[in-house]
Amino acid sequence: MNTAFISVDIQNDYFKGGRNELYHPDQALTHAQEALELFREKNLPIIHIQCILLDEQATFFLPGTEGIRIHEGVKPRSDEKVIVKHTPDSFFQTELQEHLESIQAKRLVICGMMSHICIDSTVRSASRLGYEVVLLDDACATRDLEWNGAVIPAQTVHDVFMASLQGTFAQVIPTSSLRDMI
């Protein structure tokens, strides 16, 4: 099966010193690096999604800032596709679908940031478009959320979104299980 790797929004603003630091982004980065190296080793297609927010209300991923740069740890090589998006969904008004069709991808291995927004919307769109989706849960990160005056810890947010995607929209696995699949 033609399998492609999609790394979503692993950008500087989500790391220490960034405008929207996440909970344990370095751990997610380490696992994303493992997956990226496996795809490079097997010479399989790799796509990096980069978010640049154009909304005047945006507080991070601002055009022209260091925060929009893809993290050095997963920096794209010249032969790897980079697709810029302006919304949470990596498919919405981008060339991602067209590119995946051109390389005849049928299965997508997805990881990145944030679990509850861009990963969730991208995985659901990929599933709706008919792709078999494998989501690397330990290569994703998010942050604490607030609801009704209560703080919902990032780990809880992450776990709830992984559980909601599992089965219906994706096969959610740890990165350590990836080698046996591709």
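This is a short tour of a predicted model, going from its sheet to two helices and then to a group of aromatic rings.

**Stop 1: the sheet**

Start by colouring the strands. You should find an open sheet of 6 strands, and walking across it gives the order S3-S2-S1-S4-S5-S8, with parallel pairing. Now pick out the edges: strand S3 (81-85) and strand S8 (171-173) each pair on one side only. As you turn the view, look for the twist, since neighbouring strands are turned by 25 degrees against each other on average, direction ignored.

Next, select residues 107-113 and 132-141. These are strands S4 and S5, which run in the parallel sense and pair over 6 bridges. For a landmark here, show Met113, which stands opposite Ala141 in S5.

**Stop 2: the helices on the sheet**

Keep the sheet on screen and add helix H3, residues 115-128. H3 packs on the sheet and touches strand S1 (3-8), S3, S4 and S5. Compare directions, too: that of H3 makes about 170 degrees with that of S4.

Then add helix H4, residues 154-165. H4 also packs on the sheet, where it touches S5 and S8, and its direction makes about 170 degrees with that of S5.

**Stop 3: where the helices meet**

How do H3 and H4 sit relative to each other? Their axes come within 10 Å and cross at roughly 10 degrees. Angles under 35 degrees count as roughly parallel, and H3 and H4 are therefore roughly parallel to each other.

To see the contact itself, show side chains on both helices. From H3, select Ser115, His116, Ile119, Asp120, Val123 and Arg124. They meet Val157, His158, Phe161, Met162, Ser164 and Leu165 in H4. Colour this contact by class and you get 6 nonpolar, 4 polar and 2 charged residues.

**Stop 4: the aromatic rings**

Last, hide the helices and look for rings. The model has 5 aromatic pairs. One to zoom in on is Tyr14 with Phe61: the centres are 4.8 Å apart, and with 65 degrees between the planes the pair is edge-to-face.

Which parts of the chain does this pair tie together? Tyr14 lies in the loop between S1 and helix H1 (25-41), and Phe61 in the loop between strand S2 (46-51) and S3, so the pair links parts that are 47 residues apart in sequence.

Switch on a surface and check both rings' residues. Tyr14 is buried, at 1% relative accessible area, and Phe61 is buried at 1% as well. Finally, add Phe60 to the selection: Tyr14, Phe60 and Phe61 form one aromatic cluster.

Conventions. Residues numbered from 1 in each chain as written. Predicted model: local features only at pLDDT ≥ 70, side-chain atom pairs only at ≥ 80, totals over all residues. Heavy atoms only, no water. Axes fitted to C-alpha atoms, helices over the stretch in contact; angles between N-to-C directions. Helix = DSSP H or I, 4+ residues; strand = E, 2+ residues; numbered from the N terminus. Parallel < 35°, antiparallel > 145°, perpendicular 65-115°, else oblique. Contact = heavy atoms within 4.5 Å. Nonpolar A, V, L, I, M, F, W, Y, C, P; charged D, E, K, R; others polar. Pairing = 2+ DSSP bridges. Phe/Tyr/Trp six-rings, centres within 6.5 Å; stacked < 30°, edge-to-face > 60°. Buried < 20%, exposed > 50% of the residue type's maximum accessible area, 1.4 Å probe, protein only.
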